[in-house]
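Q: Please take a close look at one part of this predicted model, the open sheet, and describe how its strands are arranged and what surrounds them.

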Amino acid sequence: MPPMPTKTKKFIESVSEPEYINEPVPMVEDDTVIFKRSHFYSVLTVLAFAAGVLLGYVVWGMGSTENAAVAAQSPAAAQAGGPVVEAPVATSEPKYIRYDVPSDGFYAIGPEDAPITLIEFSDYQCPYCRRWHQDVYQSLLAAYPGKIKLVYRNLPLTSIHADAFPAAEAAMCAGEQNAYWQYHEKLFGGELLGNEVYIQYAQDLGLDMTTFEACITDHKYQAAIQADSDFAINLGVRSTPTFFVNGLAIVGAQPLDIFKQVIDKELAGEIPK
């Protein structure tokens, strides 16, 4: 595991899980959290839309503490989950920072030499993670055939999602039998989780049930999943899903256009290395 960044800038703390930016009222729910105060530098860039309203995804960059920002929340959202946090208007060209997030040794789909490595930290019980998977995942890969390597890393929010960690273990156990991505699809495609569901999915995929059940019972991949989670937390990740596009961070279940804008700039060489 590579060393964590040693320089820190304060980042605004709150409790929320990102919503799609095109929903009329951002919702703040109790089952999610975002980046903690002491680990991320400040805003990399915030996209401005036609009306000049800053909403949506946050990508971090170096700069003063005062330039750190999070997406603006409506008064309704603030009443539900905390104070309104205004997103400041950008006054200068953004400066960029890339985070060293390893991708080797984790389950990945796409060409090994793809120009874009998209690393997802996610939770099988997170409704926003499921939404992104169902609404954006395939469309994004289809938009850039042969250009994206997607890497899945586990960040089960165990304090609020009791089934997230066991679901991750089940997927890893399926991976032993070369069925990780098929099992991954079933977990995000269904509405229910739990031991009976994990067994049913394994049976549906024709896995060796003796091997699969022993893997689950022995918690064979518990340490690996915990290490994955610890890495994310130590880096400062507090929200699921969180993505890194060649090291550039995007928070939340953002729509396809947000990812395309970042990827298009990256492919065009417009973002400094």
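A: Strands S4 and S5 run parallel and are joined by seven bridges, and one place where this pairing can be followed is Ile116, which stands opposite Ile148 in S5. The connection between the two strands passes through helix H2, residues 127-143, and S4, H2 and S5 together make a right-handed β-α-β unit.

On its other side S5 has S3 as a partner, and here the pairing is antiparallel, over two bridges, with Ala108 standing opposite Val151 in S5. S4, which covers residues 116-122, is in turn paired with S6, residues 242-245, again in the antiparallel sense, over four bridges; within that pairing, Leu118 has Val245 of S6 as its bridge partner. Taken as a whole, the five strands form an open sheet of mixed pairing, in the order S3-S5-S4-S6-S7. S3 (108-109) and S7 (248-251) are the edge strands, and because each has a single partner strand, one side of each is left without a neighbour in the sheet. Helix H4, residues 180-189, packs on this sheet, where it touches S3, S4 and S5 (148-154), and its direction makes about 70° with that of S5.

S5 itself is mostly covered, seven of its seven residues being buried. Its side chains point two ways, with Ile148, Leu150, Tyr152 and Asn154 turned to one side and Lys149, Val151 and Arg153 to the other, and the residues of both groups are buried.

Among these residues of S5, Arg153 repays a closer look. Its relative accessible area is 3%, so Arg153 falls in the buried class, for which the cut-off is under 20%. Two polar contacts of its side chain can be described: one reaches the backbone oxygen of Pro102 at 3.0 Å, and another, of 2.6 Å, joins the side chain of Arg153 to that of Asp228. Leaving aside residues up to four places away in sequence, Arg153 touches Val101, Pro102, Phe106, Ile119, Glu120, Phe121, Ser122, Asp228 and Phe231. Pro102 and Asp228 are thus partners in polar contacts with Arg153 as well as members of this list of touching residues.

Key
Residues numbered from 1 in each chain as written. Predicted model: local features only at pLDDT ≥ 70, side-chain atom pairs only at ≥ 80, totals over all residues. Heavy atoms only, no water. Pairing = 2+ DSSP bridges. Contact = heavy atoms within 4.5 Å. Axes fitted to C-alpha atoms, helices over the stretch in contact; angles between N-to-C directions. Buried < 20%, exposed > 50% of the residue type's maximum accessible area, 1.4 Å probe, protein only. Right-handed = clockwise from strand over helix to strand, strands pointing away. Polar contact = N/O pair within 3.5 Å; in protein donor to acceptor, adjacent residues only side chain to side chain.
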